[in-house]
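This report describes one protein chain for a reader who has its sequence and coordinates at hand. It begins with the nonpolar interior and then turns to helix packing and to some details of the backbone.

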Amino acid sequence: MKLNWKLWLPQRHKNMLVKFAVAVLLVGLAFRLLLVRSTDISSPVETPFPETQKTVAFEPPASLEAEENEEQIPRTEKCDLFAGDWLPNPSGPIYTNKSCPFIEGHQSCMRNGRPDTGYLYWRWNPRGCDLPRFDSARFLEMMRNKSWALIGDSISRNHVQSLLCMLSTVEKPTEVYHDKEYKSRRWHFPTYNLTVSVIFSPFLVKATIFEDYNGVSTSEVQLHLDKLDKQWTNLYQNLDYMIISTGKWFLKSSVYYENNEVVGCHYCPKRKLKELGFDFAYRKALRQVLNFIATSNHKGLILFRTSTPDHFENGEWSSGGTCKRKVPAKEGEVQLKSIHKILHDIELEEFKNVTEKASTNGVNLKLLDVNPLSLLRPDGHPGIYREFHPFARDKNAKVQNDCLHWCLPGPIDSWNDLIMEMVVNS
């Protein structure tokens, strides 16, 4: 059969053109898909149990607002959480004295009539890294079936009130225990089976104290520097998370014991005893406490919180000292008093001495150094508003100033931001 070349050739060219066009379309589509995949960024998924998931570095776009940035997962580069500045926070606290029933009278500054509110609108911002705001719902979810305890003096009690106020924005806990003087207490969050306790142990070592509610002593404290206080050690192994601290109680007039024998004292002029100084006792006691922790094989997380400075000016607690400042201080504007510096230096030294031992024994011990950021908040104390409307009855009344504890809400709420960050990254 003879082929008709005139009919075959055009049809062949036509088929080739169709195949070529299809090939071009397929190549173009593949290139487009490749381009889209190479420019797509997936945000990491947030989990309420971050300890089981690897942390993913995330750099938020510059166009996001500050509020959106705070919701992102923190960057993974290490920074000093305790070196930074107090920045304006227009959103203010997440609770008030009216919304939170856990604030004790002496710290309820708004209820007691403090007229200025500027101290409420600041947040701690570490330099070089992000510190997200405390997330009450996420914290409670992370802490299902766990137990927390804040162990120490009245500052620990001050702090537990702050933590309870923030968590109670999600669920209000029920008090399940208190001692006779309501100094040690425990609360339970039923939905999450979480318990939060405050254990009053101002020295962390065995002590017999002779003083009333207002701090007036009838005799020196009897302090056993080689015996830990069973108020907290008996509960220690059953606690998942702890914040342990002490500090200013060691400045009180005290008689020191070791092996049940008197070895000296601090400020006991009526007794013929060797003056050893509060620093001697503080170092001895902290060494006992931190060595106990470092060798305990405890499997939870323990935060050792440094002591906080007071801001008394023109006197002290018992000599007419006041604190009238209305704004945070900038770095360098206020100096740590020599006594507070001694306490803080001992804390850092003794903590450093046990870090390797704790790591070797698998004990998760971390430093919560709130001293530097607390120093910059002379405006955050109750001052004369320790009492309810102190001058309502008498404009010339003699009023006790409190320049040691913290207003609630107030600067101490930022400690919970730090705790959340340390727990998330633990």
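In this predicted model, Leu418 touches Leu81, Phe82, Trp124, Leu131, Leu368, Val370 and Leu373, when residues up to four places away in sequence are not counted. Leu418 is also, together with Trp148 and Leu368, one of the residues with the most contacts inside the largest nonpolar core, which has 55 residues. Apart from that core lies another one, made of 38 residues, including Val221, Phe250, Leu276 and Phe278.

These cores belong to a chain of 426 residues, of which 45% are buried. The chain has 9 helices and 13 strands, and among the contacts between residues at least 6 apart in sequence, 74% join residues that are at least 24 apart.

**Helix packing**

Two helix pairs can be described in some detail. Helix α6, residues 278-294, packs against helix α7, residues 338-360, at an angle of about 25 degrees, and their axes are 9 Å apart. Because angles under 35 degrees count as roughly parallel, α6 and α7 are described as roughly parallel to each other. The crossing in which α6 passes α7 is right-handed. On the α6 side, the contact is made by Phe278, Asp279, Tyr282, Arg283, Leu286, Arg287, Leu290, Asn291 and Ala294, while α7 contributes Ile339, Ile342, Leu343, Ile346, Glu347, Glu349, Glu350, Phe351, Val354, Lys357 and Ala358. Sorted by class, the residues of this contact comprise 12 nonpolar, 1 polar and 7 charged. Phe278, which takes part in this contact from α6, is also among the residues of the 38-residue core.

The axes of helix α4, residues 154-167, and helix α9 come within 9 Å and cross at roughly 75 degrees. That angle makes α4 roughly perpendicular to α9. Here Ile155, His159, Ser162, Leu163 and Met166 of α4 meet Asp413, Trp415, Asn416 and Ile419 of α9, and the contact has 5 nonpolar, 3 polar and 1 charged residues.

**Loops and backbone details**

Three asparagines lie in loops, and the table gives the place and relative accessibility of each.

| Residue | Loop | Relative accessibility |
|---|---|---|
| Asn145 | between α3 (136-142) and β3 (147-152) | 55% |
| Asn259 | between β10 (254-258) and β11 (261-266) | 63% |
| Asn314 | between β12 (301-305) and α7 | 74% |

Are these asparagines, Asn145 for example, buried or exposed? Since exposed means over 50% relative accessible area, Asn145 counts as exposed at 55%, Asn259 counts as exposed at 63%, and Asn314 is exposed at 74%. The backbone of Asn145 has a phi near 65 degrees, which is a positive value in a residue other than glycine, and Asn314 likewise has a positive phi, near 60 degrees. As for Asn259, its C-alpha lies 8.7 Å from that of Lys227, although the two residues are 32 apart in sequence.

Where does the chain contain a cis peptide bond? Such a bond joins Leu408 and Pro409, with omega at about -5 degrees, and Pro409 lies in the loop between α8 (371-375) and α9 (413-424). Helix α9, which follows that loop, is the helix that crosses α4 at roughly 75 degrees.

Note on methods. Residues numbered from 1 in each chain as written. Predicted model: local features only at pLDDT ≥ 70, side-chain atom pairs only at ≥ 80, totals over all residues. Heavy atoms only, no water. Axes fitted to C-alpha atoms, helices over the stretch in contact; angles between N-to-C directions. Helix = DSSP H or I, 4+ residues; strand = E, 2+ residues; numbered from the N terminus. Parallel < 35°, antiparallel > 145°, perpendicular 65-115°, else oblique. Left-handed = near helix turned anticlockwise from the far one by under 90°. Contact = heavy atoms within 4.5 Å. Nonpolar A, V, L, I, M, F, W, Y, C, P; charged D, E, K, R; others polar. Core = buried A, V, L, I, M, F, W, Y, C linked by side-chain atoms within 4.5 Å. Buried < 20%, exposed > 50% of the residue type's maximum accessible area, 1.4 Å probe, protein only.
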